[in-house]
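Reader: I have a few "how do you know" questions about this one. Could you take me through the reasoning?

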Amino acid sequence: MERILVSACLMGRKVRYDGAAKTSGDALLATWREEGRLIPFCPEVEGGLPVPRPAAEIEGGAGGAAVLAGAARVLTDGGTDVTEAFLAGARSALAVARSFDVKVAILKEGSPSCGSLTVYDGTFRGRRLPGVGVTTALLELHGIAVFDEEHITDAGARLRELGVDHSVRDR
């Protein structure tokens, strides 16, 4: 049975920076949950950040690859550098994914850790730019396909393409 790494906030856990969850009502995700296939994970909490915590963005909207390369930092809206916590969380996510031979992850869009299509621009004004978060960048660097909560069916299709899951049903 193929395991799937999933943002804990999408599973109803109150781990977001504001102390809330962003529970997904997706039917396929619910099926995978019932089958015991999901590995809920919050890289920011695993990296040592509290709940709640100050909002954070990647400076300049540079994206996770720039953070991994040491070319950008993750800063709170008060200017505190939390880069190391984001890197530690990303490394922990990769270690968990490797331990379960994860090929696919479903992560929360827009997060400076988990975004797979966009990240905030670093100004704390709600503007997004194309890019990925720190955890997404590290997972993708190691061959793990990352999807957001709006593309769960695509994640199922990817599992079938990889030939690792013939039981996945589109819903």
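**Why these labels?**

Author: Sure, starting with L107: its relative accessibility is 2%, so it counts as buried. Keep in mind that this is a predicted model.

Reader: What makes 2% enough for L107 to be called buried?

Author: The cut-off for buried is under 20% relative accessible area. L107 comes in at 2%, so the label applies. As for its place, L107 is in the loop between β5 and β6 (118–120).

Reader: Which residues does L107 touch, leaving out those up to four places away in sequence?

Author: Among them are V6, S7, L10, C114, T135, T136 and L139. V146, F147, D148 and E149 are touched by L107 too. F86 is 21 residues from L107 along the chain, and their C-alpha atoms are separated by 15 Å.

Reader: S7 is in there. Why is S7 called buried?

Author: Here the relative accessible area is 3%, and buried means under 20%, so S7 qualifies. S7 lies in strand β1. Not counting residues up to four places away in sequence, S7 touches F41, I106, L107, K108 and C114.

Reader: On to α6. How do you know that its buried residues are on the same side?

Author: The buried residues of helix α6 (residues 152–162) are I152, A155, G156 and L159. They cover an arc of only 100 degrees around the axis, so they sit on the same side of α6. The general rule is that an α-helix has 3.6 residues a turn, so residues three or four places apart point the same way.

Reader: And what covers the buried residues of α6?

Author: The cover includes β1 (4–7), α1 (27–34), β5 (104–106) and β8 (145–147). Just after α6, G163 takes a positive phi of about 75 degrees.

Reader: Which members of the largest nonpolar core touch the most other members?

Author: Of its 28 residues, those are L5, V74, V134 and L139. Two or more residues each come from β2 (38–41), β3 (56–58), α3 (64–68), α4 (83–99) and α5 (134–141). The largest share, 7 residues, is from α4. There's also a second, separate core of 19 residues, which includes I4, L28, W32 and I106.

Reader: What is V134 in contact with, leaving aside neighbours within four places in sequence?

Author: V134 is in contact with I58, G64, V67, L68, V74, F86, L87, A90, P112 and S113. One of these, V74, is also among the core residues that touch the most other members.

How values were computed:
Residues numbered from 1 in each chain as written. Predicted model: local features only at pLDDT ≥ 70, side-chain atom pairs only at ≥ 80, totals over all residues. Heavy atoms only, no water. Buried < 20%, exposed > 50% of the residue type's maximum accessible area, 1.4 Å probe, protein only. Helix = DSSP H or I, 4+ residues; strand = E, 2+ residues; numbered from the N terminus. Arc of directions from axis to C-beta. Contact = heavy atoms within 4.5 Å. Core = buried A, V, L, I, M, F, W, Y, C linked by side-chain atoms within 4.5 Å.
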